[in-house]
Structure formats: structure tokens, C-alpha cells
Amino acid sequence: MHDMNLSDYDYFLPVGQIAQYPLPGRDSSRLLVINREEQTLEHRAFSDIVEYLNDSDLLVINNTKVIPARITAIKPSGKKVEILLVREIGINKWEVLLKGVAKGKLRLDGGITAEILNSNGVLQAEFSVDPTNSIKENEIKAHLFKTGSAPLPFYIKREAEGSDLERYQTVYAEKEGAIAAPTAGLHFTNEILSSLRAKGVEIKTITLHVGYGTFKPVVSENIKDHVMGEEFYEIGKETAEAINKARREGRRIIAVGTTVTRTLESAANDDGIIKAGAGKAAIFIYPGYKFKVIGSLITNFHQPRSTPMMLTSAFAGLDLLKKAYSESQKAGYRFFSYGDSMIIL
């Protein structure tokens, strides 16, 4: 199959179309409507999304909350190094990524030190304070979060600003733990959610803490050789029961984003029945995958050669998706995290 080749997920994007800032209004982004059955594309505004959902639909959103995971440290040489907190693995111990090279002990604000360790190729940072310090051991995490900034993606070529901690976050963000926003949800406002509920749309939440697995580059030319990283998810009993009931009744389940999609498809058994509880999503969805749960997908425009683009291709069909990307480019859409959106019906 030609869509197993990594090069098939390439497309050219002018740098000017990579959104560097969000629009003033969350729902003022554009919405591309992709109809798989009719193979059509329609250009709308995200505020029109309510028109495309029916009173029998179940909308599933991801309530993960982005942590201020980007922190600055000083090397023994006096040079700065950026630390990205990826995942908490113990008290004051985190799996991290470094922008640059650093070994040994690093200094942070407030007299905190970070010792960088390498555990089987995975970088870890162990944070500690001098006993005479005013910050106590049990306050280190709170201090890191207070001094950290929003972990904006590398293609946003600017420093994170204070406003990013609010805008690089959904209005329904609740459970801390993500190092990136579930970006399809950034377009929703409380007003849109209220309008959907008033229309009769059922809205349920899951939690998937977006981690490095979502961004891990695909390097194998045959995409089937790629191995996804694990990301923690949790599905409550009420959400699982609502999804299973909707499926039994033949109602449409709409996933807001690739994170929701991977969570539901990971948690479903072969018959598409969802089991409540916590787990780790490591499912890699690419063309040929048979979706067991979702019937529609709201998502953003993804980077070339990325696993979210492959998942979206599996749902829309690669040819239709590439046509959609090409038309959106010509129409001046804004791409990636702070960019415009699409709904695939």
C-alpha cells in the first residue's frame, strides 16, 4: 500500500501559514468540513460547528491540563539550558527533555538544583533544595510550576508569554499532566458547549495526558515500523457507560481530537465496548485501521510526517486529507496548534 510510506505524509507548507499566535476569539478560527461519503470540502467558521452536530450525538472531550513544563536552568559553566518536564515519575523526580546538552547538577531559581541522570537513554531530573533554603522539599513542584512557562511547540518561533498559559489550554482543562494541549479543543468556548447541550448533544470527558509519544518523530520509511510512546489515560465509569449506550443505540460518537480518538480506540475491546479505568495508550493508528468507536472527528491541521496526521488519514482517507490540506493552504488557513480546524463527517 502506498500510504505506508513515510514520504506520502509530506507536504510543503509556507512558514507564514504556521500560526504563531492564537486568534483573539477561540471560535473565530476557520472550520473545514470534510464529508467522507460525498468526498466534499466546505469552508466555514468554527462558530458554525453546532450546525454539524445532531441532538443524538455524543461529543467526547479531553480534560487534560497543560502544565507550565518549560523551565530554565544554569549549567556549571554559567550557560542557560532549557528543561522540559515530560512526566512525573517520583517525588521531585521527572522524566525530562533538554534543549542543549547538560550533565550533572544544574541551578534553578529559588536555590533549587536539578541533577540530570541518564536511565537507559531516558533523561531524568532529580530536584532538591538546600536544607537552609526557604523553599521546602514538598514545595519544589509548586515552585517549578510557578516559574515555568507554557511548553509551546518548537514551530512557534517566539518565547512563551503569560497569556499562553491560558490560551494554550482548553476552557474545560481540569486535570494537570499534559506537556502539550489537545489542540482540537482550543476552539471551543463555554458558549459553544452550552449551545451544543441546549441542542441535545451529550458531552462526556476523558483524560489523556499528552506526552512525548504524540510528538515522537517517525523515522522509518515504512510507517508500520514506528513504535508509539505510552501516554496515561483515564476513562470514568459515567463516560464509559454513555459511550457504550450511544453505540448500542446507533448514535454517532464524535471525538474532539486525536488524543480522544486514541484513548477510546485503546480502551475498546474488539466489539468496540469501552471499559472504564486508567491505562496507557500506545496505539498507533494509520491507514488500514478499522475504527471501533468514533464516527466523526474534530481536529486541527497536523505537521507533515506526524502520527496525528497518519491517524487523521486513517479516518478521512489519505487522498481526501491531502486534497483538504492543499485546498486549505490555498485558502490561507492557519496551520498547527494555534491554527484552524476541521471536522471530518
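## Sheet, hairpin and surface contacts

R87 counts as partly exposed at 42% relative accessibility. Partly exposed is the middle class, between buried (under 20% relative accessible area) and exposed (over 50%), with a 1.4 Å probe and protein chains only. This is a predicted model: local features need pLDDT of at least 70, side-chain atom pairs count only at pLDDT 80 or more, and totals for chains, interfaces and linings use all residues. Residues are numbered from 1 along each chain as its sequence is written, and side-chain values use heavy atoms, leaving out hydrogens and water.

**Salt bridges**

R87 has a charged partner. Its side chain meets that of E95 in a salt bridge (3.0 Å, N to O). The term requires a side-chain nitrogen of Lys or Arg within 4 Å of a carboxyl oxygen of Asp or Glu. Over the whole structure, the search finds 19 salt bridges.

E126 and K93 make one of them, with their closest N and O atoms 3.7 Å apart. E126 belongs to strand 10 (residues 122–129) and K93 to strand 7 (residues 93–99), so this pair ties together parts that are 33 residues apart in sequence. Strands (E, at least two residues) and helices (H or I, at least four) are DSSP runs, numbered from the N terminus.

K245 forms a salt bridge with E249, and here the closest N and O atoms are 3.1 Å apart. The accessibilities of these four partners are as follows.

| Residue | Relative accessible area and class |
|---|---|
| E126 | 37%, partly exposed |
| K93 | 25%, partly exposed |
| K245 | 39%, partly exposed |
| E249 | 44%, partly exposed |

There is also a network. E42, R44, D48 and E51 are joined into one by salt bridges that share partners.

**The open sheet**

Nine strands make up an open sheet with mixed pairing, in the order 2-1-17-16-14-3-12-13-15. Strand 2 (40–45) and strand 15 (277–281) are the edges; each has a single partner strand, so one side of each is left without a neighbour in the sheet. From one strand to the next, the twist averages 25°.

Strand 14 (residues 253–256) pairs with strand 16 (residues 296–300) in the parallel sense, over three bridges. Two strands count as paired if DSSP finds at least two bridges between them. In this pairing, I254 of strand 14 stands opposite S296 in strand 16.

Helix 6 (residues 258–267) packs on the sheet. The helix touches strand 3 (58–62), strand 12 (202–208), strand 13 (231–235), strand 14, strand 15 and strand 16. Contact means heavy atoms within 4.5 Å. The direction of helix 6 makes about 75° with that of strand 13. Axes are lines fitted to C-alpha atoms, for helices over the stretch in contact, and angles run from 0 to 180 degrees between N-to-C directions.

How much of helix 6 is buried? Nine of its ten residues are, leaving the helix mostly covered. Among the buried residues are T258, R262, L264 and E265.

**The hairpin**

Strand 5 (residues 70–74) and strand 6 (residues 80–90) pair in the antiparallel sense, over five bridges. I71 stands opposite I83 in strand 6. The two strands form a hairpin with five residues between them. In the turn, G78 has a positive phi of about 95°.

Which side chains of strand 5 are buried? I71 and A73 are, and they point to one face. R70, T72 and I74 point to the other face and are not buried. In a regular strand the side chains alternate between the two faces of the sheet.

**Positive phi outside glycine**

Most residues other than glycine have a negative phi. Q39 has a positive phi of about 55° although it is not a glycine. The residue sits in the loop between strand 1 (30–35) and strand 2. Q39 is partly exposed, at 45% relative accessible area.

N120 is not a glycine either, and its phi is positive at about 50°. N120 lies in the loop between strand 9 (112–119) and strand 10. With a relative accessible area of 80%, N120 is exposed.

**A nonpolar patch**

L97, Y212 and F215 make a nonpolar surface patch of about 250 Å². Patch residues have over 30% relative accessible area and no salt bridge; like charges are joined within 9 Å, and nonpolar side chains (Val, Leu, Ile, Met, Phe, Trp, Tyr) within 5 Å. Areas come from the Shrake-Rupley method with a 1.4 Å probe; for residues, only the protein chains shown count as cover. Y212 lies in helix 4 (residues 212–215). Y212 is partly exposed, with 37% relative accessible area.
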